[in-house]
Amino acid sequence: GLGVGFKETGKLDHGILKEIAKPERFPVILNPFYRFFLRLPIAHGYFDRMLHENNAYEKRNDRPFVNSN
């Protein structure tokens, strides 16, 4: 696996990296459910709570790495 090869050689196996770096895809038939769910406040509750706890909720829409030119 990736960890074993890294432990032995100190380098990551690019073949394994390519395999695990693929984006996760959900079944297309579930898209309407996900779209509906993401519109509900409960879908964002955990992350919103974390932002409040870290005094960052007011900055949730900031885009510090976007060049404004």
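Buried means under 20% relative accessible area, exposed over 50%, and partly exposed in between. The model used in these exercises is predicted.

**Exercise 1. Classify arginine 35, and place it in the fold.**

Step 1. Find the element: arginine 35 lies in helix H3.
Step 2. Take its relative accessibility, which is 61%.
Step 3. Apply the cut-off. Exposed means over 50%, so arginine 35 counts as exposed.
Step 4. Relate it to another arginine. Arginine 25 is 10 residues away along the chain, and the two C-alpha atoms are separated by 14 Å.

**Exercise 2. Describe the overall fold, and decide whether the protein is a compact globule or more spread out.**

Step 1. Count the elements. The protein has 4 helices and 0 strands.
Step 2. Order them. From the N terminus on, they run α-α-α-α.
Step 3. Compare radii. The radius of gyration is 19 Å, whereas the globule rule gives 11 Å for 69 residues.
Step 4. Conclude. The value of 19 Å is well over the rule, so the protein is more spread out than a compact globule.
Step 5. Add the dimensions. Along the principal axes, the C-alpha atoms fill a box of roughly 45 × 35 × 30 Å.

**Exercise 3. Assess how much of the protein is covered.**

Step 1. Take the whole chain. Of its 69 residues, 1% count as buried.
Step 2. Take the surface. About 7,000 Å² is exposed, and carbon and sulfur atoms supply 59% of it.
Step 3. Check one helix. H1 spans residues 2–9 and is hardly covered: among its 8 residues, the count of buried ones is 0.
Step 4. See what comes next. Glycine 10 follows H1 and has a positive phi, near 80°.

**Exercise 4. Locate the nonpolar surface patch, and examine isoleucine 42 within it.**

Step 1. List the members: Ile29, Leu30, Phe33, Phe37, Leu38 and Ile42.
Step 2. Give the area. Together they have about 630 Å² of accessible area.
Step 3. Place isoleucine 42. It lies in the loop between helix H3 (31–38) and helix H4 (45–53).
Step 4. Classify isoleucine 42. Its relative accessible area is 64%, so it is exposed.

**Exercise 5. Find the salt bridges, and state how exposed each partner is.**

Step 1. Recall the principle. Side chains of opposite charge can pair when their charged atoms come close.
Step 2. Count. The structure holds 2 salt bridges.
Step 3. Take one of them. Glutamate 19 pairs with lysine 22, with the closest N and O atoms 3.5 Å apart.
Step 4. Check the distance. The cut-off is within 4 Å, and 3.5 Å meets it.
Step 5. Check exposure. Glutamate 19 is exposed at 52%. Lysine 22 is exposed at 53%.
Step 6. Take arginine 49 and glutamate 53. Their closest N and O atoms are 3.6 Å apart.
Step 7. Explain the spacing. The two residues are 4 residues apart in helix H4, so about one helical turn separates them.
Step 8. Check exposure again. Arginine 49 is partly exposed at 42%, while glutamate 53 is exposed at 51%.

**Exercise 6. Survey the aromatic contacts.**

Step 1. Count the pairs. The whole structure has 4 aromatic pairs.
Step 2. Characterise one of them. Phenylalanine 26 and tyrosine 34 lie 5.0 Å apart, centre to centre, with 50° between the planes.
Step 3. Name the geometry. Planes under 30 degrees apart are stacked and those over 60 are edge-to-face, so this pair, at 50°, is tilted.
Step 4. Check exposure. Phenylalanine 26 is partly exposed at 49%. Tyrosine 34 is also partly exposed, at 26%.
Step 5. Widen the view. Ring pairs link Phe26, Phe33, Tyr34 and Phe37 into a cluster.
Step 6. Look for a charge over a ring. The charged end of arginine 60 sits over the ring of tyrosine 57, 3.9 Å from its centre.

**Exercise 7. Examine the two asparagines after H4.**

Step 1. Place them. Asparagine 54 is in the segment after H4, and asparagine 55 is found there too.
Step 2. Classify them. Asparagine 54 is exposed at 56%. Asparagine 55 is exposed at 65%.
Step 3. Recall the backbone rule. Most residues other than glycine have a negative phi.
Step 4. Test asparagine 55. Its phi is positive, about 55°, although it is not a glycine.
Step 5. Relate asparagine 54 to phenylalanine 37. They are 17 residues apart along the chain, and their C-alpha atoms are separated by 25 Å.

Terms used:
Residues numbered from 1 in each chain as written. Predicted model: local features only at pLDDT ≥ 70, side-chain atom pairs only at ≥ 80, totals over all residues. Heavy atoms only, no water. Patch = residues over 30% accessible without salt bridge, like charges linked within 9 Å, V, L, I, M, F, W, Y side chains within 5 Å. Areas by Shrake-Rupley, 256 points an atom, 1.4 Å probe, with all protein chains shown as cover. Salt bridge = Lys/Arg side-chain N within 4 Å of Asp/Glu carboxyl O. Buried < 20%, exposed > 50% of the residue type's maximum accessible area, 1.4 Å probe, protein only. Phe/Tyr/Trp six-rings, centres within 6.5 Å; stacked < 30°, edge-to-face > 60°. Lys NZ or Arg CZ within 6 Å of the ring centre and 35° of its normal. Rg over C-alpha atoms; globule rule 2.2 N^0.38 Å.
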